[in-house]
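Take a moment with the model below. Turn it slowly, and keep the sequence at hand.

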Amino acid sequence: MWSWEGFFSYLSNEYIFQGAVTTIWLTIAAILLGLLLGLIIALLRMSNVRAFSTFAAVYIWLFRGTPLLVQLIVLYTGLPQMGIRLTVIQAALIGLTLNEAAYLSEIIRAGISAVPVGQQNAARALGFRNYQVMLYVVLPQAFRIIIPPLGNSINSLLKMTSVTSVISMEELLRRTQILIQEKFMVLELFAVAAIYYLALTTLWDFAQRRIEARVSRGHKTNVSLAEQG
Amino acid sequence: MVIDVRNVSKSYGDFKVLSDCNLSVNSGEVVVVCGPSGSGKSTLIKCLNGLEAVHDGFISIAGFNLTDQHADLPSVRRTVGMVFQNFELFPHLSVLRNITIAQEKVMRRTREEATDKALALLERVGLTTQKDKYPSQLSGGQQQRIAIARALAMDPQVMLFDEPTSALDPEMIGEVLDVMVELARAGMTMVCVTHEMGFAKSVADRIVFMDKGEIVDDVAKNDFFGGNASSRAQTFLRKVISH
């Protein structure tokens, strides 16, 4: 039988709530580190140096071509065989970052490619050095372009953090499972977890819309031509 | 001599984009480059600041040897202003920031110095009131005037114009040419790829006519328009002017 009492008590349960907090910081940390590593991989991938672009291509192939689950298990239970011992948190964060970077690098590369070549020429003509062309002209414009796919990535990453439960990372899903083993309220507890995930992805939806509105400043064409007369 | 181009060639596969081009421009000179589309004039002007590489020959500009493999292109470009057909203002930056960013990041001017300079230039091109707008909120003519101000902010020794009015609606061409004429009269060294023969007649010192990657004519303005141009140039002129 479904217990409303159990459902509501777990909805406001401190232990579950702390699990959700872990999910949030794990997502934020993985997306930030993933963006940084993804940017490096994207730049390597676009490099004229053959060795760099090949390395990046292999990296992307490897991490997009194998399940996150396998990557996490290798990191946490496989590496100790070679003398590298990671804590659960380290393994979870590194695994998510490496995996996310492979996807993000392709998004970033598409964003960079979408900035017209003329913009780079204009920046070069002003005397900008290559890194300045990237930093001040290309990346800010690429960032605006990649926000919708980046938002998608963050949405799936929020849910994908649950995979780290298999290496006993105590995020939302793992804590839900632990409680289930104690209390046997399977449906109520999973429903609570589902509601937490829904709340998080919904909150992110709002945040993303605000960010999109903010960075599209200056991109609304023909707004005031009429006003100027 | 501000620009010295000697025996410059460039080809894509078998196709010769530039074929043994020679050109010299003295300080204060205004040179108009014209010719049919595909004649190599845009390629030539992009070679002058190293946006396009040449395969053979020698180019020096503003005291730098561009064809030296070790030439530091960013240093060269900061003394050579360039204006593009499609304006290429930075869409994510305000008008004012478009004019100050390279001053700060390339010239290492302070925010105040850069802003003062930008405001003075905006006044010169008549767009002070637009300083806080974004490029997409401006007309093509206004954007191109901002692009000229952005290039001038770097105190260039030479200004290169690559078809600066070709992407403009007809009623906006005049306002951009006015700025260019004013600049020419103020003594700026200019190389302009353009089909605006009225502009050429009023301020050019010399006209360079290109066809099929070759510089066919390089003559004084009066000779060019006075019937002393090559037959290819005269054919071209008739087509440009009759419409």
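Which residues does Val191(B) touch, not counting residues up to four places away in sequence? Find this valine in the model, which is a predicted one. Val191(B) touches Ile3(B), Val25(B), Val31(B) and Val33(B). Its contacts also take in Ile45(B), Leu48(B), Val158(B) and Leu160(B).

Now widen the view. In soluble globular proteins, nonpolar side chains tend to be buried together. Here, the largest nonpolar core holds 117 residues. Val191(B) is among the residues with the most contacts inside this core, together with Val33(B), Ile61(B), Ala149(B) and Leu160(B). Which helix gives the most to this core? It is α5 of chain A, residues 88–114, with eleven residues. There is also a second, separate core, made of eight residues. Leu173(A), Leu189(A), Val192(A) and Ala193(A) are included in it.

Next, look at the strands of chain B. Strands of a sheet pair through backbone hydrogen bonds, either parallel or antiparallel. In chain B, six strands build an open sheet with mixed pairing. Trace them in the order β6-β7-β8-β3-β9-β10. Why is one side of β6 and of β10 in chain B left without a neighbour in the sheet? These two strands, residues 80–83 and 214–220, stand at the edges, and each has a single partner strand, so one side stays without a neighbour. On average, neighbouring strands of this sheet are turned by 15° against each other, direction ignored.

A helix packs on this sheet: α5 of chain B, residues 140–152. This helix touches β6(B) and also β7(B), which covers residues 158–162. The directions of the helix and β6(B) make an angle of about 170°.

Go to the β10 edge. Strand β9(B), residues 206–211, pairs with β10(B) in the antiparallel sense, over six bridges. Within this pair, Phe209(B) stands opposite Asp217(B) of β10(B).

What does the UniProt record add? An unreviewed entry lists residues 3–237 of chain B as "domain: ABC transporter". Over these residues, the chain is 36% helix and 26% strand. The end C-alpha atoms lie 26 Å apart.

Last, see where the two chains meet. How many residues does each chain bring to the contact? Chain B brings 21 residues and chain A brings 24 residues. On the chain B side, α2 (73–77) and α3 (95–105) each supply at least two residues. Helix α3(B) gives the most, with three residues. The chain B side divides into eleven nonpolar, six polar and four charged residues.

Methods. Residues are numbered from 1 along each chain as its sequence is written. Chains are lettered from A and ligands numbered from 1 in the order in which they are written. This is a predicted model: local features need pLDDT of at least 70, side-chain atom pairs count only at pLDDT 80 or more; totals for chains, interfaces and linings use all residues. Two strands pair if DSSP finds at least two bridges between them. Helices (H or I, at least four residues) and strands (E, at least two) are DSSP runs, numbered from the N terminus. Axes are lines fitted to C-alpha atoms, for helices over the stretch in contact, and angles run from 0 to 180 degrees between N-to-C directions. Two residues are in contact if their C-beta atoms, placed from the backbone, lie within 7 Å. Ala, Val, Leu, Ile, Met, Phe, Trp, Tyr, Cys and Pro count as nonpolar, Asp, Glu, Lys and Arg as charged, and the others, Gly among them, as polar. UniProt positions are given in the numbering used here, feature names are shortened, and annotations may be inferred rather than shown by experiment. A nonpolar core is a set of buried Ala, Val, Leu, Ile, Met, Phe, Trp, Tyr and Cys residues joined through C-beta atoms within 7 Å. A residue is buried if 20 or more other C-beta atoms lie within 10 Å of its own, exposed if 12 or fewer, and partly exposed in between; C-beta atoms are placed from the backbone.
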